[in-house]
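Got the structure open? Let's go through some labels and ask what earns each one.

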Amino acid sequence: MAPSARSRPFTMIFCPNGENSADKSGRRRRKIIPVNSLLPIDIENDNFKGSMIVIHETGNEPGFEEDADGDEPDQKRRGVELQLQGKFKKDTNIVLWAGGELDQPLKLGWFMQNVVKLCANYAKKKTEGRLFFNLGTKTEPPQMGFPFTQVFTVVMTPPGSEPPKLGSKELGQVPWQGGGEVKINKTDTFTLRYHTPFVDLCSWELLKVPGVSPLPLENILGDIRGSKVVLYDLGTAGSHANWRQGSIIEWEFALGNPGENWKEDEHGDSEPSSSSDGEADSQDLLVPNDDKAYVSDSESSEDIVNEDDEELRRQESQGLQAIPA
C-alpha cells in the first residue's frame, strides 16, 4: 500500500544534556534516532545508559513502500512504539513521570476548548485522574504528564538474567504490569515499552476514533510541528511546570514536510547498539496503568482507548465530527 499524500518524515532527537544538548567536553552530542532501525541505538547521559528504538508502522512511512508492499493484507501493524532499555545511574527516591510539551501555544476557540474537555474526560476516566495537563496560555505552550507506569510497560531484569530484546516479539507480548509503584534502582536493567495505535506521526492524523478517523491533527492542534518528550523526576523538579530541573531523559520531536527525506545524524553518532541483535517483531499492547495519585490540573486528550465506555466514545466522536475537515 502506497503512503498517504499527507505522508512526511519526522525526526526524533535524543538530547543528552537537555535543551543545550552539547556538554562542554563535546563528549555527548544530540543524536537523531533512526525510525525503524534494525538494531537499537545507544544513548547515554548523566542519568541513564542504554539503548532505544523508535517503531513507526502504519503504512504511511515515506521511503518504506517496498517493505509495506510485502505485508499481508490482514497483517496487523504495530502503530507507534518507543522502546527503551538500560540502567539508571541514580536511584535517590526518583518519582518518575513521562510527559511532553508542545513547541508553541495552542490557539483554541470556544468550540475547540469544549472538544478538548470531552477528550479530557476520557483521559481522566481511563487514568483515574492520575495525569497532569496544563492547556497553556497565549504565551505558554501546553504540557502533559503521567506517572511513567501509566504509559509504559515496564520489565525489570535483575543482574545475571537476560532482558527481553528491543523490537522482539517477546517484548511485544509482555503484559502491562498493573498498578502500583515501580521503584527506580541502579542494579536492575529496565526495559520500557510505549505503544499507541491511535496516531500516525507521518500522515499527522488521529486514528481509530469512531466516525471521524483519520482526522488531521492540525484541525485540533493548529500549526504545531514539534514537541519535547521527557522522562522527569517530579521529586527533583518540585512541580510539573519545572520539569526541566528534574529531566532524566529528554528527546525532541520535529515534524518534516512532504517530499523531504528522513534526516540522518550529522555527527554519525547513531550507531547500532553493540549489546543487542534486535529481532524485529512485536505485538500491539496499549498501556493503561495506575501509580501514586497526583492531581489532574486541567483538560486533555490522550490516546488511551478501550472497547468499552461506548457512551463516552460516542460523545467524543460527535464533538470531533463537528471539527471542520
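Q: Which residue in E14 is the bridge partner of Glu205?
A: In this predicted model, Glu205 has Pro216 of E14 as its bridge partner.

Q: What makes strand E13 and E14 count as paired?
A: Two strands need at least two bridges between them. Strand E13 (residues 205–206) and E14 have two bridges, in the antiparallel sense, so they pair.

Q: Why are strand E12 and strand E14 called edge strands?
A: The sheet is an open one of three strands, in the order E12-E13-E14. Strand E12 (199–200) and strand E14 (215–216) each pair on one side only.

Q: How do you know that strand E7 and strand E9 pair?
A: Count the bridges again: five join strand E7 (residues 96–102) to strand E9 (residues 143–147), and the two run antiparallel. The cut-off is at least two bridges, so that's a pair. One example to look up is Gly100, whose bridge partner in E9 is Met144. Both strands belong to an open sheet of seven strands, E3-E1-E16-E15-E7-E9-E8.

Q: Why is His240 called buried?
A: Buried means under 20% relative accessible area. His240 comes in at 9%, so it counts as buried. You'll find His240 in the loop between helix H6 (234–237) and strand E16 (247–255).

Q: What makes the link between the side chains of His240 and Tyr232 a polar contact?
A: The distance is 2.7 Å, and the limit for a suitable pair of N or O atoms is 3.5 Å. So the 2.7 Å pair fits. Leaving aside neighbours within four places in sequence, His240 is also in contact with residues including Trp97 and Phe132.

Q: Why is the pair of Phe88 and Phe190 called edge-to-face?
A: The whole structure has six aromatic pairs. In the one formed by Phe88 and Phe190, the centres are 5.3 Å apart and the planes meet at 85°. Centres must lie within 6.5 Å, and over 60 degrees counts as edge-to-face, so both tests are passed. Phe88 sits in strand E6 and Phe190 in strand E11, so the pair ties together parts 102 residues apart in sequence. Phe88 is buried at 3% relative accessibility, and Phe190 is buried at 1%.

Q: What makes the pair of Trp204 and Phe253 stacked?
A: Here the angle between the planes is 15°, with 5.8 Å centre to centre. Planes under 30 degrees apart count as stacked, so the label holds. Trp204 and Phe253 also join Phe10 and Trp262 in a cluster linked by ring pairs.

Technical notes. Residues numbered from 1 in each chain as written. Predicted model: local features only at pLDDT ≥ 70, side-chain atom pairs only at ≥ 80, totals over all residues. Heavy atoms only, no water. Helix = DSSP H or I, 4+ residues; strand = E, 2+ residues; numbered from the N terminus. Buried < 20%, exposed > 50% of the residue type's maximum accessible area, 1.4 Å probe, protein only. Polar contact = N/O pair within 3.5 Å; in protein donor to acceptor, adjacent residues only side chain to side chain. Contact = heavy atoms within 4.5 Å.
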